[in-house]
Amino acid sequence: MPIIINLDVMLAKRKIRSKELSERIGITTSNLSILKSGKAKAIRFSTLEAICKALECQPKDILEYRDS
Amino acid sequence: MQINSSMKKSFLFKSLVDYLYILNVGGFLLLLTTISFGFVEINVIKGGDEHWSLLAISISCISVLTCIVFLRGVYYLRKMARHLLIHKYFSKQIIKCLKISGTHFLLAGVMFVVIMILGWIGKLREGLFEFVYDINLMVPLFLMIIGLFFMIQSEALLVAKNFKEENELTV
C-alpha cells in the first residue's frame, strides 16, 4: 500500500513507548501494533485525532503517501 | 443464548447431512452390488430385447454419473457442516465447500433433466407420448435451485469475509 505509517518515528521523537500511547489514546496494544506494522486497512478519524493529540503532531507527521 | 441456539441448529444440520450421506452412499453401493450380481431386474429394458439399447445404456450411465455427482455434492456439504460446528462462518473452507457443493447440485439437477428427456425420447420412439406431472418433476428443479442458491451464498460469504477482515483491520 502506498500509504506509509510513520508512527514509530513519531514515538521515537517524542520518546513515548507503544504501551503508554495505547493507554493514553484508549486502544489495545495489538491494534496499535497493526497500525505500526502497516497491516491496518483503515484508520478512524477519532483514533487519528487521539494520536495527534497525544503526540502533539499533525496527521501528515503520521501518514505519508509514497508512489510505489 | 444466541450461540447455543445456533450451535444446536448447526449440530442438527450436520447430523441430517451425515444421515443423508450415509444413506445415499449405502444405497448406491447396494444398488451397484445388486445390479452387478443380477439380483434385480431393471424396468428400463422393455420390449423383450436381450441386449440393452443405446438409449437404455445412456440413461443408466448418466444415472450412475448423476448419483456420483450428487454424492460428491453432499460430501462437500458435510465438510462445510463440520466447519460450521466450530463457528468458522467466514472461513475459506466454508466458502469453497459451499461453492463446490452448489456446483455439484446444479450439475446433478441438469443431468437429472437430461435423464428425463432421454426417457421421454425413449417412450416417444415406442410411440407413446406422455407427460407425467409428479414429484419427480420437482426434484431436478429443486436441485438446481439449491445448487444455485449455494453458489450465490458462497459469493455472499466471500464479500462478507472481506468486509469482516477490513472491519477488523480498522484501527
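**Salt bridges, helices and the chain contact in a predicted model**

User: In this predicted model, does Asp18(B) count as buried or exposed?

Analyst: Asp18(B) has a relative accessibility of 17%. The cut-off for a buried residue is under 20%. Asp18(B) therefore counts as buried.

User: Which residue meets the side chain of Asp18(B) in a salt bridge?

Analyst: The partner lies with Asp18(B) in helix α1 (residues 2-36) of chain B, four residues away, or about one turn of the helix. In an α-helix, residues three or four places apart point the same way, because there are 3.6 residues a turn. The N to O distance of the salt bridge is 2.9 Å, and the partner is Lys14(B).

User: Which residues are joined with Lys14(B) into one network of salt bridges?

Analyst: Lys14(B) is itself buried, with a relative accessible area of 12%. Salt bridges that share partners link Lys14(B) into one network with Asp18(B) and Arg78(B).

User: How many helix residues separate Arg24(A) and Glu20(A), whose side chains meet in a salt bridge?

Analyst: The salt bridge between these side chains has an N to O distance of 3.0 Å. Arg24(A), at 48% relative accessibility, is partly exposed, and Glu20(A), at 35%, is also partly exposed. Both belong to helix α2 (residues 18-25) of chain A, where about one helical turn separates them because they are four residues apart.

User: What is the distance between the end C-alpha atoms of helix α2 of chain B?

Analyst: Helix α2 (residues 54-85) of chain B has 32 residues, so at 1.5 Å a residue it should span 46 Å. The distance in the model agrees with that expectation: the end C-alpha atoms are 47 Å apart.

User: How many salt bridges are counted between chain A and chain B?

Analyst: Over all chains, the count comes to seven salt bridges. Across the interface of chain A and chain B, four residue pairs are in polar contact. The count of salt bridges between chain A and chain B, however, is zero.

User: Which three residues supply 58% of the area that chain A buries against chain B?

Analyst: The contact takes eleven residues from chain A and four residues from chain B. Together the chains bury about 750 Å², with 61% of it on carbon and sulfur atoms. On the side of chain A, the three residues that supply 58% of the buried area, more than any other three, are Lys41(A), Ala42(A) and Arg44(A).

Notes. Residues numbered from 1 in each chain as written. Chains lettered and ligands numbered in written order. Predicted model: local features only at pLDDT ≥ 70, side-chain atom pairs only at ≥ 80, totals over all residues. Heavy atoms only, no water. Helix = DSSP H or I, 4+ residues; strand = E, 2+ residues; numbered from the N terminus. Expected span 1.5 Å × (residues − 1). Contact = heavy atoms within 4.5 Å. Buried area = accessible area lost by both parts, 1.4 Å probe. Salt bridge = Lys/Arg side-chain N within 4 Å of Asp/Glu carboxyl O. Polar contact = N/O pair within 3.5 Å; in protein donor to acceptor, adjacent residues only side chain to side chain. Buried < 20%, exposed > 50% of the residue type's maximum accessible area, 1.4 Å probe, protein only.
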